[in-house]
Amino acid sequence: MKRLLLPIALGLAALATTSCATTNLVQVWRDPSYSPAPVKRVFVVAVIPYAHDRLYFENAIAESLAKKGFEVATSSGIVPPDLSGNDRIVAYVKEMGVDLVVVLRLVTAHGAWYGATDINVYAAQRNSEWPVWSGTSSTSGFSTAQEAAASVAASLLHGLITAQILVR
């Protein structure tokens with residue numbers, strides 16, 4: 001009986017720790033004049049001061065989109081993580097015929113990972129400075145930025161599909 005108590009206690013502790021980990025889209029806006037168009041290519045940019053966290057967030061979003069069949073590129077794949085290269089990014093988006101550009105900006109971050117991100121999605125073919133979708137995420141209870149990034153990516157993907165921004 002005692003042999004069973006330790007694994008059960010550890011399992012309950014793990015469940016309690018992970019059950020508190022969440023990401024919610026707390027504010028969402030969609031351009032009411034935007035007509036959904038089929039999306040093939042998406043470009044992801046994370047504006048985060050720490051290069052490794054930038055990679056986590058860009059890669060998590062790219063991976064979630066790729067699993068749904070979209071072609072995805074990240075800014076860190078075009079510009080080294082420790083450099084800024086807006087001109088290179090703009091040229092890449094135009095040359096590759098990117099349909100949507102996802103820009104995630106870290107607003108707050110705290111230890112044992114929780115924080116907020118602002119996310120704007122632009123229709124690249126419109127050449128507009130205004131997003132077609134915008135949201136703010138609230139993320140809490142993760143032990144690493146990598147786990148938080150995966151959760152933000154899942155919430156973002158769901159939000160964009162629900163808002164009919166990501167359509168095939």
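**Aromatic pair, core and helix α2**

Good morning. I begin with Tyr-92, which is partly exposed, with a relative accessible area of 21%. Please keep in mind that this is a predicted model.

What is the relative accessible area of Phe-43? The value is 0%, so Phe-43 counts as buried. These two residues form an aromatic pair, the one such pair found in a search of the whole structure. In general, a pair of aromatic rings is described by the distance of the centres and the angle of the planes. Here the centres lie 5.4 Å apart and the planes meet at 45°, which makes the pair tilted. The pair links distant parts of the chain: Phe-43 belongs to strand β2 and Tyr-92 to helix α4, 49 residues apart.

I turn now to the interior. The largest nonpolar core has 34 residues, and Val-42, Phe-57 and Trp-133 are among those with the most contacts inside it. Strand β2 and helix α2 are among the elements that give two or more residues to this core, while α5 gives the largest share, eight residues. Val-42 is in contact with, among others, Phe-70, Leu-100 and Leu-166, leaving aside its neighbours within four places in sequence. Phe-70 also has Arg-168 over its face, at 4.6 Å from the ring centre.

Finally, consider helix α2. Its 17 residues reach 24 Å from the first C-alpha to the last, close to the 24 Å expected. The buried residues of α2 include Phe-57, Ile-61 and Leu-65, but also Asp-53 and Arg-54. Against which elements do these buried residues pack? They pack against β2, β3, α3, β4 and α5. Just after α2, Gly-69 takes a positive phi of about 95°. Thank you.

Definitions and conventions: Residues are numbered from 1 along each chain as its sequence is written. This is a predicted model: local features need pLDDT of at least 70, side-chain atom pairs count only at pLDDT 80 or more; totals for chains, interfaces and linings use all residues. Side-chain values use heavy atoms; hydrogens and water are left out. A nonpolar core is a set of buried Ala, Val, Leu, Ile, Met, Phe, Trp, Tyr and Cys residues joined through side-chain atoms within 4.5 Å. Buried means under 20% relative accessible area, exposed over 50%, partly exposed in between (1.4 Å probe, protein chains only). Helices (H or I, at least four residues) and strands (E, at least two) are DSSP runs, numbered from the N terminus. Contact means heavy atoms within 4.5 Å. The expected span of a helix is 1.5 Å times one less than its number of residues. Rings of Phe, Tyr and Trp (its six-membered ring) pair if their centres lie within 6.5 Å; planes under 30 degrees apart count as stacked, over 60 as edge-to-face and the rest as tilted. A charge sits over a ring if NZ of Lys or CZ of Arg is within 6 Å of the ring centre and within 35 degrees of the ring normal.
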